[in-house]
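Q: I have a structure open and would like to talk through its interior. Could we go over it together?
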Amino acid sequence: MNIAKKFITAVAMMAVGVGSVWAQKASVLLSPDRKIKVEVFLSKKGEPCYRVTRTGRVVVDTSRLGFTFKESQPMSSGFDMTPLSHGTFDKTWTQPWGENKIVRDCHNSLTVSFKEHKAPHRVMNLEFRAFNDGIGFRYSVPKQENLGKITIMDELTEFSLTENYKTWWIYADYNTYEKLYNETPLTEASWVATPVTMRGADGLHLSFHEAALVNYADMHLKQVSPLHFKVELTPWANGDKVRTETPFATPWRTLQISPDAKGLIDSPLVLNLNEPSKATSTQWIKPMKYVGIWWGMHLGTQTWKESPTHGATTANAIAYIDFAKRHNIQGVVVEGWNAGWDRWGAKDAFDHITPAADFDFAKVAKYAKDNGIQLIGHNETGGDIPSYEKLIDRAFSLYKSYGMNAVKTGYAGGIYPQGEHHHGQFMVNHYQHVVDKALQYNIMLDVHEPIKPTGLRRTYPNLMTGEGVRGMEWEAWSEGNPPSHVPTLAFTRMLAGPLDYTPGTFDILFKNTGKRERWNDLDKGNTRVHTTLCKQLAMMVVLYSPLQMASDEIKNYEGHPAFKFVVDYNADCDESHTLNGEVGQFVTIARRAGNTWFVGSVTNEKERDLTIPLTFLKPGKKYEATIYGDGDAASWESNPTDYKIVNQVVTSKDLLKMHLASGGGQAIVFNLIK
């Protein structure tokens, strides 16, 4: 062991009190396969603690739990511990949409009660669940005479790690997740947003996140000493963290554990820690592909506000609807359709009912409905929460009357009331309010500038997808996203849930854009897309979203042979399998919709050759594989639009070889031959 490692280990041991004698025997919880063990116990000071091991290896060493409050003394020590219950659970459940429509929930559970042995004798319970692929735990504080309304000022949950893992992380921020991921040793990950992903020297992979975030503040992790993290919560404007009253339960704190990277993607742990669906019917909830009036505004060839180059005109919207109908695309989003874009930043600026002067809302909505196309409403709020909540019932009622059942919301900029944050309890509750209203009006949601996904789509299946990621639009007005970005997202942000990255741009070098007006200070005049064309296709499979956008302007799709993949792609998948992958390097994912399989594979800056077994195909059947691959001379830097389309017949016994160019990808359709 070198000096640096000795220092890290020594400091970590001091921070968690390794070697101290436990006050009493630990309560033990094992995963169904008995590989993961959770021990819950008290320190000599009566501090609630836990420890996690996998096959004898310590993953999370002794870590403390508890709260500090505004109104009373902390709940952090001086406890007696009583195990309340053990349980086992193994059932499957179905969802109306998802990476896998049939989900298995197999776990063992443990509930432990902690009661102060001195007055005021307050009680808090800890619930633990152990799955074969990780654990989840949460605080459950019952109603009690000595603890009513409370203000949580700090959650004392710790994660004491035992190895300086390679870590993929973004800096915690109270307002945005739209950042490029850092790849560093764990000791350099100072203050991180979740999900955060780690890889050990032996290939063990970890991901820390949370599940069922309701009426609470967003959790991020702060490194308080080497390898030792504690929970930090996004505050209200005055510094409060969470305002609540007993009884209450926190979100689940989650740890996914996998012997390889691909196991993280295939894990349903976060989803399983959410409650069953509250929807009384789901027939109206339908995954779809969509196009829209959007990309031109980011490029600077069109504007959101009314102007000579306004994008959301009646004529443009009808053209997009016609295009969608011709090409098996179910939806069209129109940004900038409503009044108020010229008053951005003013109170009550946006009107989500009144159309712009050059947009005939009634005509466009009727035309879309008559042609079987779903018109997706767009509600940019500019962060003005009181104004949006005042209009939401009238807006959703209006959209429903026109047969519209999908809305894309936006919260760009700061939050009003001033001082509140996108990720604090105030906004968590607002986002939930919008989900509840949307469910009431049978509306599906695509949330931009959101709170991160935490599996609530199980409980509210109308919460379809969201942004919360540095997506495609950054390619239009900044230095862009490097080729390693997407194979990193698959193992980080995508572990939280669906993401509306908006892939599908064909005009990689912006040669067909026309005159552009610079509108963003990050635009230095050298913008472009940092992928090959085929990687744009593959991203539609890799980056899962049940509402999947083909983001380019429709003029760049007309007559393009590769657009056939978009036409054929079905966003309503039934099952998914991650075939291979390493964080930040490459990933290949297969998704089935009906009898058709779709495969997407992407790489970073390194070109690579992969061989994938086709064992996911139905045995004894033949499939026609249509392969959209990087051309022989393709490169994201020098020749990004070089591609080739190849057809071949395959079976489940075959191995498929694929070549991915630098920054490239491959997309494949497997059609069953009847």
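Q: How many aromatic pairs does the count come to?
A: This is a predicted model, and the count comes to 40 aromatic pairs.

Q: Take Tyr50 and Phe159: what is the geometry of that aromatic pair?
A: The two rings are arranged edge-to-face, with 6.5 Å from centre to centre and 80° between the planes.

Q: Which parts does that pair tie together?
A: Tyr50 belongs to strand S3 (residues 48–54) and Phe159 to strand S11 (residues 158–161), so the contact links parts that are 109 residues apart in sequence.

Q: And are Tyr50 and Phe159 buried or exposed?
A: Tyr50 is buried, and Phe159 is buried as well.

Q: Next, Trp341 and Trp344. Why is that pair tilted?
A: The planes of Trp341 and Trp344 meet at 40°, with the ring centres 5.9 Å apart, so the pair is classed as tilted.

Q: What is the relative accessibility of Trp341?
A: Trp341 has a relative accessibility of 11% and counts as buried. Trp344, in contrast, is partly exposed, with a relative accessible area of 42%.

Q: Which residues form one aromatic cluster with them?
A: Trp341 and Trp344 are joined in one cluster by Trp304, Phe350, Trp474, Trp477 and Trp519.

Q: Let us turn to pockets. How much space lies in the largest pocket?
A: The largest pocket holds about 870 Å³. It is lined by 40 residues, and those closest to the pocket centre are His298, Trp304, Trp344, Ala412 and Trp519. Trp304, Trp344 and Trp519 also belong to the aromatic cluster just mentioned.

Q: Which elements each supply at least two residues of that lining?
A: Helix H4 (295–299), strand S24 (374–380), strand S25 (406–410) and helix H9 (474–477) each do so. S25 gives the most, with three residues.

Q: How does the lining of the largest pocket divide by class?
A: It has 17 polar, 13 nonpolar and ten charged residues.

Q: What volume does the second largest pocket have?
A: Its volume is about 600 Å³. The second largest pocket has 32 lining residues, with Asp133, Asp266, Ser267, Pro268 and Leu269 nearest its centre. Two or more lining residues come from each of strand S7 (102–116), helix H2 (261–266), helix H3 (269–272), strand S29 (575–582) and strand S30 (586–593).

Q: Which element gives the most there?
A: S7 does, with five residues. By class, the lining of the second largest pocket has 15 nonpolar, ten polar and seven charged residues.

Q: What about cavities: how many are there of 30 Å³ or more?
A: The count comes to seven. The largest cavity has about 340 Å³ of space. Among its 27 lining residues, Val447, Ile451, Lys452, Pro453 and Leu463 lie nearest the centre.

Q: Which elements give two or more residues to the lining of the largest cavity?
A: They are helix H8 (425–440), strand S26 (444–447) and strand S27 (463–466), and H8 gives the most, with five residues. The lining of the largest cavity divides into 16 nonpolar, seven polar and four charged residues.

Q: And what lines the second largest cavity?
A: The lining consists of Ile170, Tyr177, Tyr181, Thr194, Pro195, Lys452, Gly468 and Arg493. The space inside the second largest cavity is about 60 Å³.

Q: Changing topic to strands: how many residues of S21 are buried?
A: Strand S21 (residues 252–258) has seven of its seven residues buried. Trp252, Thr254, Gln256 and Ser258 point one way, while Arg253, Leu255 and Ile257 point the other way.

Q: Which strands do bridges join to S21?
A: Strand S9 (residues 134–141) is joined to S21 by four bridges, running antiparallel. Strand S16 (residues 205–211) is also antiparallel to S21, with seven bridges. In S21, Arg253 stands opposite Phe137 and is the bridge partner of Glu210.

Q: Finally, what order does the open sheet of three strands have?
A: The order is S5-S10-S19, with antiparallel pairing. Strand S5 (67–69) and strand S19 (242–245) each have a single partner strand, so each edge strand has one side without a neighbour in the sheet. The twist from one strand to the next averages 45°.

Q: How many bridges join S10 to S19?
A: Four bridges join strand S10 (residues 149–155) to S19, and Thr151 has Arg243 in S19 as its bridge partner.

Conventions:
Residues numbered from 1 in each chain as written. Predicted model: local features only at pLDDT ≥ 70, side-chain atom pairs only at ≥ 80, totals over all residues. Heavy atoms only, no water. 1 Å grid on protein atoms, 1.4 Å probe; cavity = no way out; pocket = protein on both sides within 12 Å on 5 of 7 lines; lining within 4 Å. Points joined across faces, edges and corners; volume = space filled by probe spheres on them. Nonpolar A, V, L, I, M, F, W, Y, C, P; charged D, E, K, R; others polar. Pairing = 2+ DSSP bridges. Axes fitted to C-alpha atoms, helices over the stretch in contact; angles between N-to-C directions. Buried < 20%, exposed > 50% of the residue type's maximum accessible area, 1.4 Å probe, protein only. Phe/Tyr/Trp six-rings, centres within 6.5 Å; stacked < 30°, edge-to-face > 60°.
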